[in-house]
Amino acid sequence: MNLLHQYQILSPNNSSSSNGNDHSGNDIINWFEDVSKNAGSVQTQMLSQILKQNFGVEYLKKWLGDYNIQEMDACALESLFTSVVPLSTHADFEPFIQRIADGDTSPLLTQQPITTLSLSSGTTDGRQKFLPFTRHSAQTTLQIFTLSAAYISRVYPIREGGRILEFIYGSNRFKTKGGLTVGTATTHYYTSEEFKIKQEKTKTFTCSPDEVISGGDYKQTTYCHLLLGLFFSEQVEFITSAFVYSMVQAFHSFEEVWREICSDIRNGTLSSRIKSPKMRNAVLNIISPNSHLASKLEVACYELEVVDWFGLIPKLWPNAKYLYSIMTGSMQPYLEKVRHYANGLPLISAGYGSTESWIGLNVDPSLPPEKVTFTVVPTFSYFEFIPLYRHQQGCTSDADDFMEEKPIPLSQIKVGQDYELVLTTFTGLYRYRLGDVVEVTGFHNGTPKLNFVCRRKLILTVNIDKNTERDLQLVVEKGSKLLRKAKAELVDFTSYADISAQPGHYVIYWEIKGEVEDKVLHACCSEMDISFADHGYVVSRKTNSIGALELCIVEKGTFKKILDNFIANGAALSQFKTPRCTNNHDILRILNTCIIKKFLSTAYTSNQPSNI
């Protein structure tokens, strides 16, 4: 099997189309089916390719410098690499990346020069990190979109020549001391040749020009995305965003600005809220007066206002086949709202990846997001898996959230087991602990299907309790059911383990839409407290070694302020994920200054409901 040849089938230089309606789309799927059947051996070959391409780089010399790895067979090299090169974190690479940023062109992490750096989202610890970005990064992004499009088109075929309404956002890029370009990975991709190739291959084209995508101000960009999406409304085949949060934010914004948008369509003008000259010129060169469309949209919007914008998407974009976005993990709480807007349109969850590497693909687009798993693409990186256990004797741990064993290769993992992902990438990261906890739910041929569980560091813990992001989401879902009965809506939420006083306790922050009586909010608070099923939490609450759960209601727009703070620090809306558990001082400062009501749970006491 020529793995390198098979890998190149999805390369940008190949002229394959990926709309899934032709022979080439089937070729791409056949390629993946073959690769997934031999995932273990493909992984061994990928590692060999990574290490031989980067033979002699400074980072690896300490462990591999005395070995002639160019002459070693792939299996022997895999065994050597995993036995002598230690596990790593970003801190191990930071000095090397800083030298690259400062202009050091010697082969530190890769033999190929690194000219671009990506900024991570900073969701976990509030600090954005530099990571290498190479042509390979853009190519794998094109590859996963190409492969996804082929699988989706088997279920939901689209017309060639149609439009995509893409809520995508570039951030401002800057130069380092050494002249390297720095920006988010999504920004680099949107300005790459691969992004243009994706449109040519799929024969569908984004509604917005580059000047809108890279505008730098997410509010102006969102307005223009909506305006152009509606100008081309009859041509839009599907609607997409990096994270579904961006989509929800865009449609929420539309509720407030639709009259301006209709006016712009009627007159062929552009709102004065758009300040960027480049953005203004680009949009005005596209739109033209269309009074018939404007009148049609106005009638639809008046009707939608009456039903609280239920079914907004199919009403305004009648030919849209589906919505495509990352909808799992921390995005799940937004599904209820996007379904409200979608009124039955299929929701397709996009692939699983990180700034460091793409990881998995959704091969069953007909499944609802809650049931989606991600099939590992074994050519993207070399993957290892650290077995994790909540409570297990005989395991070692260098962290306080899980017990862990030694990493194992993809070929040895088991269904039902939780693992932390470890990556060795083509971009110069070696045995890099990603920090994502995943569960293996099954296999697609010989490659695993993963369910994202949580970020390892994003965990609520005060005492012997350990509640993950997923545990928190389940609890919040139970509490918010009481809200819905009261005809109110949970807009967003986060949490914090407060140990500033003893006993420590959980604080959950809610922003809500609608009027709710205090007794209902107190019931929500107690319902969440009693719903945490972790044994350590239950025991600790009963013995009062963890205090009563506190529910803080924050004023309208609080989570928008958190987003604005995130953007102000150089990130892009395309990256934003509300952290579900946080100890970030800036976020907590915003939350605590916006509190309008507080409630303490009485779930483990006989006290009567009271607010603070």
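**Exercise 1.** In this predicted model, classify K561 as buried, partly exposed or exposed from its relative accessible area, and identify its salt-bridge partner.

*Solution.* The relative accessible area of K561 is 39%. Buried requires under 20% and exposed over 50%, so K561 is partly exposed. Its salt-bridge partner is E555, with the closest N and O atoms 3.2 Å apart. E555 has a relative accessible area of 29% and is likewise partly exposed.

**Exercise 2.** Determine whether K321 and E237, which form a salt bridge, are buried or partly exposed, and locate them in the chain.

*Solution.* First, the closest N and O atoms of K321 and E237 lie 2.7 Å apart. Next, K321 belongs to the loop between α15 and β8, and E237 to strand β7; 84 residues separate the two, and the pair links distant parts of the chain. Finally, K321 is partly exposed at 28%, whereas E237 is buried at 0%.

**Exercise 3.** Check the length of helix α14 (residues 291-306) and decide how its buried residues are arranged around the axis.

*Solution.* Step one: the helix has 16 residues, and at 1.5 Å a residue it should span 22 Å; the end C-alpha atoms are 23 Å apart, which agrees. Step two: the buried residues are L293, A294, L297, A300, C301 and L304. Step three: seen down the axis, these residues fall within an arc of 130 degrees, so they line one face of the helix. In general, an α-helix has 3.6 residues a turn, so residues three or four places apart point the same way. Step four: the buried residues pack against α11, α12 and α15, while H292 and V306, on the other side, are exposed.

How values were computed: Residues numbered from 1 in each chain as written. Predicted model: local features only at pLDDT ≥ 70, side-chain atom pairs only at ≥ 80, totals over all residues. Heavy atoms only, no water. Helix = DSSP H or I, 4+ residues; strand = E, 2+ residues; numbered from the N terminus. Expected span 1.5 Å × (residues − 1). Buried < 20%, exposed > 50% of the residue type's maximum accessible area, 1.4 Å probe, protein only. Arc of directions from axis to C-beta. Contact = heavy atoms within 4.5 Å. Salt bridge = Lys/Arg side-chain N within 4 Å of Asp/Glu carboxyl O.
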